[in-house]
Amino acid sequence: MKKLLFLLALYIYSFSDSHIFVYHRFGDPKHPSTNTSLEHLTTQFEYFKKNNYIVVPLEDILNKVRKKEDIPSNWVALTIDDSFKSFYNNGLPLFKKYNYPFSIFIYVEAVQRNFKDFTSWDELKEINKYGTIGLHSYGHDHLLKISKDELIKDTNKALKLFQKNLGFKPTIYVYPYGEYNKEIEDTIKTFGFKAVLNQSTGTVNKNSDIYDINRIALVGNTNIKHKLRYKTLNVNWIQPKIYPKNDILTKVIANVDPKIKKLKLYVTSHGWRDIKVKNGLVNETLNIKLKRSRTRIILGTDVFTISTKLLIKN
Ligand SMILES: [Zn+2]
């Protein structure tokens, strides 16, 4: 019996939650809130290497999600947003040294108009030899602040310039600032992307939604070991679906595994609280005022096994 339990534990450990990380700038201390120093990047890469993590192309994880196949939990994919020059100058040499694949998502307007600090189309062609390139919008707007028509225009413009300069169509879209709602998701889907990535802390497994793939941000001197402890808690979110109109979060309602009797609930700027679960139903009355226009609600069995609901005020 003991052996069986051990094997079961091993099985659960071996196939469940892969991790997709997102970086922004490299070796660029002028921007500490988005920067990863080369020293910290090396520490993270060494951690992967020494602890049996395999850095796979992003597509390998996404293909498993599409086929609803178990994903080995030692799989890690690395993504880079915004196409800052510091990736080309500082980050890329280290990725090459470790032979780690990556996917970079470009802010097309910044590339096209030669914004200071961003890569050029020629540099992207060079980058493309070692990793894949996807789309991170044309204008890098907060998508909830622009109209549906503007979002369509922005995406068309980005696709046209991307194709013209790189010679192929991007297949993956990443939301600017990780901000989206159902309507934005539906609009982006109409362009035929094969996957869409968010920036909500969480993992990716065979039950993940291919148009709503979690990524964990890595910045500064982050504890990579802790980030790799994240797992997905299966939650069917019922309420709230959108940011409440008067900023008052009245209730959180959700379905979870009926075996769960208690959970932790987190709300941005209100912290964690313990809540009870009855027959797989979370039905927690809160009546609290939301203070941030970008609020995360998290349900977890602990602070690592979680599901996140992101609410953005229009
Ligand atoms: Zn961005």
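Let's start with L265, which stands opposite L299 in strand β17. L265 belongs to the pairing between strand β14 (residues 262-267) and β17, which run antiparallel and share 4 bridges. Two strands pair here if DSSP finds at least two bridges between them. Strands themselves are DSSP runs of E with at least two residues, helices are runs of H or I with at least four, and both are numbered from the N terminus.

A word on what you're looking at: this is a predicted model, where local features need pLDDT of at least 70, side-chain atom pairs count only at pLDDT 80 or more, and totals for chains, interfaces and linings use all residues. Residues are numbered from 1 along each chain as its sequence is written, and side-chain values use heavy atoms, with hydrogens and water left out.

Back to β17, which covers residues 294-300. On top of its link to β14, β17 pairs with strand β18 (residues 305-312), again antiparallel, over 7 bridges. If you want one contact to find on screen, R296 has L310 in β18 as its bridge partner. Follow the chain from β17 to β18 and you'll go round a hairpin of 4 residues. How many residues of β17 are buried? The count is 5 of 7, so the strand is mostly covered, where buried means under 20% relative accessible area, exposed means over 50%, and partly exposed lies in between (1.4 Å probe, protein chains only).

Now jump to the start of the chain and strand β1 (residues 19-23), where 5 of the 5 residues are buried. H19, F21 and Y23 point one way, I20 and V22 point the other way, and all of them are buried. What does β1 pair with? One partner is β5, which runs parallel to β1 and is joined to it by 5 bridges. In that pairing, Y23 stands opposite I80 of β5. Strand β10 (residues 216-217) also pairs with β1 in the parallel sense, over 2 bridges, and there F21 has I216 as its bridge partner.

Strand β5 leads us to the metal. Which residues hold the zinc ion's protein donors? They are D82 (through OD), H136 (through NE2) and H140 (through NE2), lying 2.1 Å from the zinc ion. Donors are N, O and S atoms within 2.8 Å of the metal (3.2 Å for Na, K and Ca), and water is not among the atoms, so sites may look incomplete. Along the sequence, the spacing of the donor residues reads D-x53-H-x3-H. D82 sits in strand β5 (residues 75-82) and H136 in the loop between β7 (132-135) and α7 (148-166), so this pair links distant parts of the chain, 54 residues apart. Both D82 and H136 are buried.

The third donor residue, H140, is in the loop between β7 and α7 too. H140 counts as buried because its relative accessibility is 13%. Its backbone deserves a look: phi of H140 is near 50°, a positive value in a residue other than glycine. Most residues other than glycine have a negative phi, and most peptide bonds are trans.

The loop between β12 (236-239) and β13 (248-255) goes against both habits. P240 is found in this loop, and a cis peptide bond joins Q239 to P240, with omega about 0°. D247 is in the loop between β12 and β13 as well, and its phi is near 70°, a positive value in a residue other than glycine. Is D247 buried or exposed? At 14% relative accessibility, D247 counts as buried.
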